[in-house]
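Visitor: I'd like a quick tour of this one. Can you walk me through it?

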Amino acid sequence: MARVHNWQIGREMSYWYPESRPEKQFAAVFDTNKCIACQTCTLACKTTWTSGKGQEYMLWNNVETKPYGSYPLAWDLKLLDMIGGSQWNGGVYEGQTIFESAPAGERVMGWKPEAQDYAYPNVGEDDCAGQVDGGAEFSLPHMAWFFYLARICNHCTYPACLASCPRGSIYKRPEDGIVLVDQGRCRGYQECVKGCPYKKVFFNPMTGTSEKCIACYPKMELGLQPQCFVNCIGKIRMAGYLSTPDKARADNPLDYLVHVRKIALPLYPQFGLEPNVYYIPPIHVPTPFLRQIFGPGVDAAVAAYRNAPNDDDLAGLLSLFGSTESVMTRWVRQGQEVAGVDDRGTTLVRVPLTEPVVERAAFDRVYQIMRHNCP
Ligand code: SF4
Ligand code: SF4
């Protein structure tokens with residue numbers, strides 16, 4: 001085991017391989033406050049990558065309702081039980097990661113789902129925590145709550161799938177940090193399925209190999225965001241590249257949200273993988289629950305998000321979510337307008353902070369037609 005630095009848990013930890021960061025790291029921010037669980041992302045991925053034989057049960061992208069939803073069944077609860085508690089002291093995680101709690105002779109603390117665990121992708125959908133008694137109304141703050149958690153592979157900095165593969169079939173691309181399974185090397189031992197705490201590697205019984213989200217790398221190489229991002233109805237997603245905290249640039253949209261404003265947080269940072277999909281937490285959910293999922297930064301992130309209407313920079317950047325298919329590597333606010341810019345300095349999109357309201361006349365004199373059903 002090597003000693004590596006994991007900034008999400010504020011300390012060094014043990015990992016199977018020495019620290020080796022890519023030139024740039026594929027990353028994403030999901031705003032959970034905007035997800036409506038329409039599953040368009042799930043289907044955009046399914047029809048693009050996993051419509052073949054042996055892939056029927058695979059959901060490289062899935063959306064589950066928390067607190068009761070999970071795919072596969074209890075993927076997170078089982079592991080939380082196994083690593084035992086999540087002790088944080090400020091920004092430092094004092095419990096054990098899945099690498100540090102690995103049993104003797106194993107590289108990772110993990111478990112392998114049974115076929116039955118994949119049988120209910122929508123278990124717990126729209127189930128509330130707390131009771132809504134007959135005749136009761138929702139009140140603020142919500143006593144009864146749930147929220148939608150969209151999930152893809154996190155293209156982790158310290159992937160457990162990669163660490164646990166005895167054949168070295170899984171690799172992290174040095175050019176963009178995307179984690180891939182070499183289909184030619186894989187022999188289907190499924191150690192990665194057991195090792196990934198997010199359960200984002202799937203075994204294909206028809207090919208005998210493991211498969212996983214590829215971050216739509218053929219699109220990313222062209223400067224385009226993945227399918228589940230550009231098809232997102234709620235415009236909750238933004239893909240790009242994330243720096244380490246010491247190299248954060250305020251004009252990089254993801255750096256700004258994750259490092260500068262700290263409004264987007266990793267999923268179960270205590271597992272120790274430094275996952276690279278970040279979540280803006282849902283502001284209506286009790287913070288003790290959110291701290292367990294997103295770590296100790298939750299309270300500040302929720303406060304910053306609540307204040308976004310008074311914060312032109314934050315409101316502006318949030319307005320750029322879902323505004324273009326291209327990857328924005330830079331953003332800039334000019335007065336009441338915000339722009340997304342690509343690698344070459346080309347302005348991709350401009351969005352006003354406040355959408356103008358346009359009232360259309362009932363009768364269009366130019367075309368001599370009625371624009372409204374009721375004049
Ligand atoms: S989320 Fe799982 S499959 Fe994806 S890189 Fe991390 S450990 Fe590997
Ligand atoms: S497409 Fe977007 S809004 Fe719809 S479920 Fe997926 S992440 Fe949520």
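Guide: First, a term: a residue is near a molecule or strand if its C-beta atom, placed from the backbone, lies within 6 Å of it. This is a predicted model, where local features need pLDDT of at least 70, side-chain atom pairs count only at pLDDT 80 or more, and totals for chains, interfaces and linings use all residues. Residues are numbered from 1 along each chain as its sequence is written, while chains are lettered from A and ligands numbered from 1 in the order in which they are written.

Visitor: Which residues come closest to ligand 2?
Guide: The shell around ligand 2 holds 14 residues. The closest of them are C35, C38, C41, C232 and G234.

Visitor: Which elements give two or more residues to that shell around ligand 2?
Guide: Helices (H or I, at least four residues) and strands (E, at least two) are DSSP runs, numbered from the N terminus. By that count, the contributors are helix 1 (40-49) and strand 7 (147-151).

Visitor: How many charged residues are in the shell around ligand 2?
Guide: Ala, Val, Leu, Ile, Met, Phe, Trp, Tyr, Cys and Pro count as nonpolar, Asp, Glu, Lys and Arg as charged, and the others, Gly among them, as polar. The shell around ligand 2 splits into 11 nonpolar and three polar residues, and charged ones number zero: there are no charged residues.

Visitor: And which residues come nearest to ligand 1?
Guide: Ligand 1 also has its shell, with 10 nonpolar, two polar and two charged residues. Of the 14 residues around ligand 1, the nearest are C153, C156, P159, C161 and C196.

Visitor: Which element gives the most to the largest nonpolar core?
Guide: A nonpolar core is a set of buried Ala, Val, Leu, Ile, Met, Phe, Trp, Tyr and Cys residues joined through C-beta atoms within 7 Å. Buried means 20 or more other C-beta atoms within 10 Å of a residue's own, exposed 12 or fewer, partly exposed in between, with C-beta atoms placed from the backbone. The largest core has 95 residues, and V29, C161, A264 and Y278 touch the most other members. The element that gives the most, with five residues, is strand 3 (residues 25-31).

Visitor: What is V29 in contact with, beyond its neighbours within four places in sequence?
Guide: Two residues are in contact if their C-beta atoms, placed from the backbone, lie within 7 Å. On that test V29 meets M238, L254, L257, A264, Y278 and I280.

Visitor: Which strands stand at the edges of the four-strand sheet?
Guide: Strands pair if DSSP finds at least two bridges between them. The open sheet runs 12-3-14-13 with mixed pairing. Each edge strand has a single partner, so one side of each lacks a neighbour in the sheet; they are strand 12 (237-242) and strand 13 (265-266).

Visitor: What angle does helix 7 make with strand 12?
Guide: Axes are lines fitted to C-alpha atoms, for helices over the stretch in contact, and angles run from 0 to 180 degrees between N-to-C directions. Helix 7 (residues 253-260) packs on this sheet, touching strand 3, strand 12 and strand 14 (277-280), and the angle with strand 12 is about 85°.

Visitor: Why is helix 7 largely enclosed?
Guide: Its buried residues pack against strand 3, strand 12, strand 14, helix 10 and strand 15. Helix 7 is largely enclosed by the rest of the structure because its buried residues number seven of the eight.

Visitor: Which residue of strand 16 stands opposite R333?
Guide: Strand 15 and strand 16 (residues 337-341) pair in the antiparallel sense over five bridges. Opposite R333 stands V338.
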